[in-house]
Amino acid sequence: MYETQLPLDPDQLAIRDATREFAAGVVAPRADARDAAEEFPAEEIAAAAEVGLLGMTIPEEHGGFPLDAVSVALAYEEVARASASVSVILSVHNTLVAQALAEHGTAEIKAQYLPEMAVGRCIGAYALTEPEAGSDAASIRTRAVAVDGGFELSGEKVFISSAGHAGVIVAFAVTDPEARTSGRITAFVVDPEQDGVEIGPPEKKLGILASEICAIHFDQCHVRYEAVLGDVGGGFGIAMGLLSSGRIGIAAQAAGIAAAALDKSLEYSASRKQFGQPIAEFQAIQWKLADIATALDAARLLIWNAARLKDAGVAYGREASQAKLFASELAVRAANEAVQIHGGYGYLKSYGVERLYRDAKITEIYEGTSEIQRLVIARGLLAQERPRR
Ligand SMILES: Cc1cc2nc3c(=O)[nH]c(=O)nc-3n(C[C@H](O)[C@H](O)[C@H](O)COP(=O)(O)OP(=O)(O)OC[C@H]3O[C@@H](n4cnc5c(N)ncnc54)[C@H](O)[C@@H]3O)c2cc1C
């Protein structure tokens with residue numbers, strides 16, 4: 001198993017090792033079967049809750065098991081090494097939803113949802129994307145009209161991870177259509193069981209087949225004032241702040257996919273013989289292994305750097321985008337090389353790298369495409385330059 005030799009503190013190493021053991025014992029044995037059946041990994045998520053993996057961003061006072069951002073990233077990477085699907089369910093739940101409630105929820109909302117989320121009885125979904133608003137999230141159209149005691153939400157969300165299994169949805173809607181980006185959108189906590197919420201069937205997709213995405217239709221769904229996250233009109237800032245944090249999680253997921261691809265490639269190339277010798281003896285194969293290992297170390301450094309900045313309370317948006325961009329493009333490359341190194345066997349389901357190949361692609365798309373990450377990075381660079389002119 002490939003390891004990056006870097007100084008993590010003993011607590012972080014303990015989290016990494018415990019999650020690795022959990023992933024190997026509980027997630028990995030069922031990962032191919034879940035993928036083949038396109039089945040939500042409910043038992044794995046319940047088991048993950050038992051070891052604290054659903055409460056990583058929830059304060060202790062609300063029943064959680066809070067960890068520093070580096071440890072959270074290590075946990076996502078280790079789980080993704082076994083199953084990218086399970087990793088993204090954990091990442092959306094912890095980083096996009098539980099964190100949103102913990103940071104921006106009213107005392108009532110925190111008390112209602114966080115203890116249940118920490119023990120896995122309530123899974124989180126994050127509903128921002130709409131049919132006409134993906135990368136341009138500020139242009140969402142779901143409308144929240146002020147009514148007696150709160151708001152009524154109407155509109156359509158698409159691609160919402162875990163929606164069919166969610167116990168709570170963080171949904172974004174327009175409260176002031178006349179306002180510019182800032183002030184236009186508000187974040188709400190919505191109960192999927194309530195009137196006016198309809199969850200569509202799971203979409204058929206290319207990879208991460210054990211995770212689900214569904215459309216959500218809101219039709220005059222009543223949300224109380226207490227269920228507003230942060231301030232009315234402050235939703236876009238909340239959405240973007242959560243996505244910066246989420247991008248560290250997706251970068252870690254991508255690193256996990258790349259690490260699994262490298263592990264399988266090292267193992268296979270050492271045992272597969274052609275022309276009378278292991279294929280690992282051929283320089284063409286060695287260079288692939290060396291390039292992926294080097295890039296994986298670089299990806300981990302970028303991820304841990306962004307996570308450390310987050311823990312230090314320093315702005316980390318550009319660094320999170322750099323980590324996500326680099327790690328996701330690495331995941332696609334590493335999975336592709338793993339299939340190549342396995343030759344024809346890599347194309348078969350039974351050798352495991354075919355799933356990595358399908359799972360890697362989404363990391364370049366969700367929580368901001370690679371094009372959007374480059375945009376965020378460039379904006380950060382240019383903003384740094386501006387004062388010097
Ligand atoms: C499996 C899966 C899970 C998802 N989970 C969630 C979820 O839980 N919650 C949620 O809210 N959303 C979720 N999404 C949605 C996801 O975040 C969006 O698909 C993604 O942000 C891209 O939006 P889009 O698909 O509308 O593509 P578009 O925005 O239409 O982009 C199409 C292409 O144009 C490019 N492009 C767009 N704007 C620019 C620009 N300014 N400069 C250069 N290129 C540009 C893009 O990079 C892309 O290549 C999920 C999607 C998938 C597939």
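A polar contact is a pair of N or O atoms within 3.5 Å. Keep that cut-off in mind for the ligand, where this tour of a predicted model starts.

Seventeen residues, "17" in the count used here, surround the ligand. Tyr-126, Thr-129, Ser-135, Phe-159 and Thr-369 come nearest. Three of these names return with polar atoms facing the ligand. Thr-129 places a polar side-chain atom 2.7 Å from a ligand nitrogen. That distance falls within 3.5 Å, so the pair fits the definition of a polar contact. Ser-135 has a polar side-chain atom 2.6 Å from an oxygen atom of the ligand. Thr-369 offers a side-chain N or O atom, and a ligand oxygen lies 2.6 Å from that atom. How much of the ligand does the protein bury? Taken alone, the ligand exposes 980 Å², and the protein buries 65% of that.

Tyr-126 leads from the ligand to the protein interior. Tyr-126 is among the residues nearest the ligand. Tyr-126 also belongs to the largest nonpolar core, which has 123 residues. Within that core, Tyr-126 is one of the residues that touch the most other members. Leu-101, Met-117, Leu-153, Phe-172, Val-190 and Ile-303 are the others in that group. Helix H6, residues 235–271, gives this core its largest share, 18 residues.

Take Ile-303 as a close-up. Leaving out residues up to four places away in sequence, Ile-303 touches Ala-73, Ile-248, Ala-251, Ala-252, Ala-255, Ala-323 and Ala-327.

Leu-153, another of the core residues with the most contacts to other members, calls for a look at the strands. Strand S3 covers residues 150–161, and strand S2 covers residues 143–147. The two run antiparallel, joined by five bridges. Ala-146 stands opposite Phe-151 in S3. Together S2 and S3 form a hairpin, with two residues between them. Gly-149 sits in the turn and has a positive phi of about 85 degrees.

Now turn to the helices. Is helix H9 enclosed or open? H9 spans residues 353–360, and seven of its eight residues are buried, so the helix is largely enclosed by the rest of the structure. The buried set includes charged names as well as nonpolar ones: Val-353, Glu-354, Arg-355, Leu-356, Arg-358, Asp-359 and Ala-360. These residues pack against H1, H3 (69–82), H4 (84–104), H6 and H8 (317–342).

H6 holds Asp-263. Asp-263 is buried, because its relative accessible area of 14% is under 20%. Beyond its sequence neighbours up to four places away, Asp-263 touches Met-1, Tyr-2 and Arg-81.

Asp-291 makes a contrast. Asp-291 lies in helix H7, residues 283–311. Its relative accessibility is 53%, over the 50% cut-off, so Asp-291 counts as exposed. Asp-291 and Ala-334 are 43 residues apart along the chain, with 9.1 Å between their C-alpha atoms.

The last stop is Glu-38, in the loop between helix H1 (10–37) and helix H2 (42–50). Glu-38 is partly exposed, at 37% relative accessible area. Which residues does Glu-38 touch, not counting those up to four places away in sequence? They are Lys-204 and Leu-209. The side chains of Glu-38 and Lys-204 are joined by a polar contact of 3.2 Å. Ala-210 is 172 residues away from Glu-38 in sequence, yet their C-alpha atoms are 4.9 Å apart in space.

Notes: Residues numbered from 1 in each chain as written. Predicted model: local features only at pLDDT ≥ 70, side-chain atom pairs only at ≥ 80, totals over all residues. Heavy atoms only, no water. Core = buried A, V, L, I, M, F, W, Y, C linked by side-chain atoms within 4.5 Å. Buried < 20%, exposed > 50% of the residue type's maximum accessible area, 1.4 Å probe, protein only. Helix = DSSP H or I, 4+ residues; strand = E, 2+ residues; numbered from the N terminus. Contact = heavy atoms within 4.5 Å. Pairing = 2+ DSSP bridges. Polar contact = N/O pair within 3.5 Å; in protein donor to acceptor, adjacent residues only side chain to side chain. Near = heavy atom within 4 Å. Areas by Shrake-Rupley, 256 points an atom, 1.4 Å probe, with all protein chains shown as cover.
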